[in-house]
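User: Please take a close look at the salt bridges here. Which residues pair up, and where do they sit?

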Amino acid sequence: FGIQPSELSKVLVIIVLGRVLAQPQARLETLGPLAQSVLVVALPCALVYLQSDLGMVLLLAITWVGMVFISGVRWRHLLGLGALGAAALPVVWFRLEDYMRDRVFDFVNPGQDPSGSSYNIIQALISIGSGGWWGKGYMQGSQSQLRFLRVRHTDFIFSVLCEEFGFVGALVLILLFVALLMRLVRIADHASDEAGRLIVAGIAVVLFAQVFINMAVNANLLPVTGLPLPMVSYGGSSLVTTMMALGLAQSVAMRQSTGENPLL
């Protein structure tokens with residue numbers, strides 16, 4: 001079976017950032033922890049980008065931003081990094097692969113190439129709209145079963161669910177994710193140490209970001225990124241890393257009463 005190393009990087013980055021940022025507040029007032037966290041996330045982001053997986057790079061960057069914010073790093077340091085990032089956007093844009101820029105153009109104007117690069121997002125919107133309130137029934141969706149909708153088992157699985165189970169089914173799925181995220185927030189809030197709190201918070205951030213981005217792509221609210229829907233899309237590496245992340249969160253929850261270090 002195949003393994004996608006970039007999926008494993010999500011969990012590794014969260015663990016290392018949790019250790020780096022678990023510092024006293026006085027230490028977080030300095031640039032040291034922030035600079036270390038940038039180095040931690042920069043290497044995997046660079047390696048993943050060389051695989052032409054911009055979606056995973058964005059996910060790692062969002063995870064870093066969330067964990068740095070939650071850790072309590074000074075606002076002026078974050079604003080300074082934000083200004084540097086904004087200044088680098090033109091350079092980043094022209095360094096992107098052609099297909100990455102095309103995805104942005106397709107998002108802005110999805111009708112420019114309906115039979116080519118915009119085809120799948122148009123079919124996804126048709127699938128979502130045709131589901132109605134209750135959907136067409138399991139395995140009864142015309143767009144998915146007749147294969148008008150491509151990549152239906154990974155990136156666009158949410159469109160299939162909307163077509164077959166309708167608005168109600170999609171709402172149930174969203175509420176299940178909300179319940180999971182609320183549970184993670186509660187575990188982080190009751191963690192016995194700062195490293196455990198940051199790790200669980202990072203897991204919550206990466207799950208929320210991945211769910212939101214996948215659903216937003218299906219609804220054409222964001223450009224196509226190629227991120228699967230956690231625990232729903234087909235993909236062994238994604239499922240295994242998600243289970244590993246939730247196992248880490250459960251480990252922190254189990255040690256709340258004993259005060260043990262969740263990393264040992």
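Analyst: Here is a walk through the salt bridges, after a short word on the setting.

This is a predicted model, so local features need pLDDT of at least 70, side-chain atom pairs count only at pLDDT 80 or more, and totals for chains, interfaces and linings use all residues. Residues are numbered from 1 along each chain as its sequence is written, and side-chain values use heavy atoms, with hydrogens and water left out.

The protein chain has 11 helices and zero strands. Helices are DSSP runs of H or I, at least four residues long; strands are runs of E, at least two.

A salt bridge puts a side-chain nitrogen of Lys or Arg within 4 Å of a carboxyl oxygen of Asp or Glu. By this rule there are three.

Glu-7 and Lys-10 form one of them, at 2.9 Å from N to O. The two are three residues apart in helix α1 (residues 5–21), about one helical turn. Both are buried, meaning under 20% relative accessible area; exposed means over 50%, and partly exposed lies in between (1.4 Å probe, protein chains only).

Lys-136 pairs with Glu-163, with the closest N and O atoms 3.5 Å apart. Lys-136 lies in the loop between α7 (119–130) and α8 (142–145), and Glu-163 in helix α9 (residues 157–189), so this pair ties together parts 27 residues apart in sequence. Lys-136 is partly exposed at 35%. Glu-163 is buried at 0%.

Arg-197 meets Glu-194, with the closest N and O atoms 2.5 Å apart. They sit three residues apart in helix α10 (residues 194–218), again about one helical turn. Arg-197 is partly exposed at 25%. Glu-194 is also partly exposed, at 29%.
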